[in-house]
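User: I have a model open and want to go through some of its local features. Can you take my questions one at a time?

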Amino acid sequence: MTTRYYTPVDALLINLDQAVGTLFGRPAAASRPNPADSVPAAELPSDERRLAARLMRVNHSGEVCAQALYQGQALTARLEAVRDRMERAAVEENDHLAWCGARLQALDSHPSVLNPLFYAGSFAIGALAGKVGDRWSLGFVVETEHQVVEHLNSHLDRLPADDWQDRAILEQMKEDEARHATQALAAGGARLPLPVRLLMKGVAKVMTGTSYWL
Ligand SMILES: [Fe+2]
Ligand SMILES: [Fe+2]
């Protein structure tokens, strides 16, 4: 079997295609059924419905960022095994993106208008993390996923109590993100320095705070 080598222009075009697909296309079909389909749909009062839509918009943007982070990291990762792992994780994140997108539609809402900005920023951060070295890049995944699990817990607290469908999605995402963290740690992820962890929290706060409204 021959190995295919991509020129920088090939890589650029592939990444652009992925970006446009993530932002404006229908996400590729999820590889697993949507957890929301396995629980009853609740009739939510309009204020609760609005709250659920806002929270799911934040989660959808988070998944757009996840796509971009993984694509950026995969672009610059040095070890073949790391690159492969990043690309596989990005495919799993695609399920999350598709599920959140479907819920936004069902709630008559829309994705964040800031997603192109989030994608570009996350792609750059991912590429930088990959460039710094695989141990750090994997450590970045560990920290990101830990923060995402924390964030998902806070959304599970805030979602309307009867919103079983969104709850089912977030519970499954939480399980997946925790597994991504464990796998990245097992693959040799380093613990990031405190200032970097705090900076990541700050950036995530800006993203979640703005996508809630816009
Ligand atoms: Fe995810
Ligand atoms: Fe993840």
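User: Where does Asp108 lie?
Analyst: This is a predicted model, so the answers are computed from predicted atoms. Asp108 has a phi near 55°, a positive value in a residue other than glycine. Its place is the loop between helix 3 and helix 4 (115-132).

User: Is Asp108 buried or exposed?
Analyst: The cut-off for exposed is over 50% relative accessible area. Asp108 has 65% relative accessibility, so Asp108 counts as exposed.

User: What coordinates the iron ion (ligand 1)?
Analyst: The donors sit at 1.9 to 2.4 Å. In sequence the donor residues are spaced E-x29-E-x2-H-x80-E. They are Glu63 (OE), listed twice, Glu93 (OE), His96 (ND1) and Glu177 (OE).

User: Which parts does the pair His96 and Glu177 tie together?
Analyst: Both His96 and Glu177 are buried. Both residues coordinate the iron ion (ligand 1). They are 81 residues apart in sequence, so the pair ties together helix 3 (residues 80-106), with His96, and helix 6 (residues 164-186), with Glu177.

User: Which residue coordinates both the iron ion (ligand 1) and the iron ion (ligand 2)?
Analyst: The two ions are 4.0 Å apart. One of the donors to the iron ion (ligand 1) is an OE atom of Glu93. The residue that coordinates both ions is Glu93.

User: At what angle do helix 5 and helix 7 pack, and what is that arrangement called?
Analyst: Helix 5 covers residues 134-158 and helix 7 covers residues 194-211. Their axes are 11 Å apart, at an angle of about 45°. Roughly parallel needs an angle under 35 degrees, and roughly perpendicular needs 65 to 115. The two helices are therefore oblique to each other.

User: Is the crossing of helix 5 and helix 7 left-handed or right-handed?
Analyst: The axes of the two helices are 11 Å apart. Helix 5 passes helix 7 in a crossing that is right-handed.

User: How do the residues of the contact of helix 5 with helix 7 divide?
Analyst: Helix 5 brings Phe140, Glu143, Thr144, Gln147, Glu150 and His151. Helix 7 meets them with Arg197, Met200, Lys201 and Thr208. The residues of this contact divide into 2 nonpolar, 4 polar and 4 charged.

User: How far apart in space are Ala161 and Glu48?
Analyst: Ala161 is in the loop between helix 5 and helix 6. Ala161 is exposed, at 61% relative accessible area. Ala161 and Glu48 are 113 residues apart in sequence. In space, C-alpha to C-alpha, they are apart by 9.4 Å.

How values were computed. Residues are numbered from 1 along each chain as its sequence is written. Chains are lettered from A and ligands numbered from 1 in the order in which they are written. This is a predicted model: local features need pLDDT of at least 70, side-chain atom pairs count only at pLDDT 80 or more; totals for chains, interfaces and linings use all residues. Side-chain values use heavy atoms; hydrogens and water are left out. Axes are lines fitted to C-alpha atoms, for helices over the stretch in contact, and angles run from 0 to 180 degrees between N-to-C directions. Helices (H or I, at least four residues) and strands (E, at least two) are DSSP runs, numbered from the N terminus. Angles under 35 degrees count as roughly parallel, over 145 as roughly antiparallel, 65 to 115 as roughly perpendicular and the rest as oblique. A crossing is left-handed if the near helix is turned anticlockwise from the far one by less than a right angle, and right-handed if clockwise. Contact means heavy atoms within 4.5 Å. Ala, Val, Leu, Ile, Met, Phe, Trp, Tyr, Cys and Pro count as nonpolar, Asp, Glu, Lys and Arg as charged, and the others, Gly among them, as polar. Donors are N, O and S atoms within 2.8 Å of the metal (3.2 Å for Na, K and Ca); water is not among the atoms, so sites may look incomplete. Buried means under 20% relative accessible area, exposed over 50%, partly exposed in between (1.4 Å probe, protein chains only).
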